[in-house]
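Visitor: I would like a close look at one part of this model, the sheet and whatever packs against it. Could you take me through that region step by step?

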Amino acid sequence: MKNILIQYKPFFAFLIKFLLFYVVFTFLYKMYLNQYDAGTNEVDYFTEVVANQTVDLLNFVVGEAKNLPHQTQSSIKVFFKDKYLARVVEGCNAVSVMILFAAFIFAFSNRWKKTGLYIVIGILIIHALNILRIALLTYALYYYPAYEELLHGTIFPLFIYGVVFLLWIFWITKFSGYVKRN
């Protein structure tokens, strides 16, 4: 057993760091969310920011977008050309994806300054692409409503998780110090 622990020490170190970071920040995020009352359809601040920035992007590029609080759910309705097309809920704000991203980077880290900077830049990239993702989804749903399931359930999640995966690969190969240079 001791030989296995020694042999796989880097893997276990990664796993412990990843789980510790992920559990702590997921707990903190849940504590943050508990401040908001879903019973009164209250929407958390990050979700509001994402909805507002999505509408701002749509208005900047094509115009005719607005959002309104949902009357019966903890979400924000997004309208394009006066048609209700999407609702931004807590899961749309990408905070959970950002925590997952950061946990992986932290677990593969060996220098604090570089790791912290990469996490911040990565989170900003994820946030910006998430806004773009929701705006494109809203726009696409206006013109292609029959493809809602494919767009929302497959293409756009693949987009955001694909970017996270590429950021992970870039971190490992360029910055983490785990890949030996030839």
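Guide: What follows goes through the sheet, its strand pairing and the helices beside it, with a short stop at one further residue.

Please keep in mind throughout that this is a predicted model. The sheet is an open one, built from 3 strands that are arranged in the order β1-β2-β3 with antiparallel pairing. Because β1 (65-69) and β3 (83-88) each have a single partner strand, they stand at the edges, and one side of each is left without a neighbour in the sheet. On average, and with direction ignored, neighbouring strands of this sheet are turned by 30° against each other.

Turning to the pairing of β2 with β3, strand β2, which covers residues 76-80, runs antiparallel to β3 and is joined to it by 5 bridges. Within this part of the sheet, Lys77 has Arg87 of β3 standing opposite.

Two helices can then be placed against these strands. Helix α3, formed by residues 45-61, lies across β1, β2 and β3, and runs at about 160° to β1. Helix α5, spanning residues 112-143, also packs on the sheet, where it touches β2 and β3, and the direction of helix α5 makes about 150° with that of β3.

A last stop concerns Leu15, a residue of helix α2, which extends over residues 9-33. Leu15 is partly exposed, since its relative accessible area is 30%, a value that falls between the 20% limit for buried and the 50% limit for exposed. Although Leu15 and Ala103 are 88 residues apart along the chain, their C-alpha atoms are separated by 10.0 Å.

Notes:
Residues are numbered from 1 along each chain as its sequence is written. This is a predicted model: local features need pLDDT of at least 70, side-chain atom pairs count only at pLDDT 80 or more; totals for chains, interfaces and linings use all residues. Side-chain values use heavy atoms; hydrogens and water are left out. Helices (H or I, at least four residues) and strands (E, at least two) are DSSP runs, numbered from the N terminus. Buried means under 20% relative accessible area, exposed over 50%, partly exposed in between (1.4 Å probe, protein chains only). Two strands pair if DSSP finds at least two bridges between them. Axes are lines fitted to C-alpha atoms, for helices over the stretch in contact, and angles run from 0 to 180 degrees between N-to-C directions. Contact means heavy atoms within 4.5 Å.
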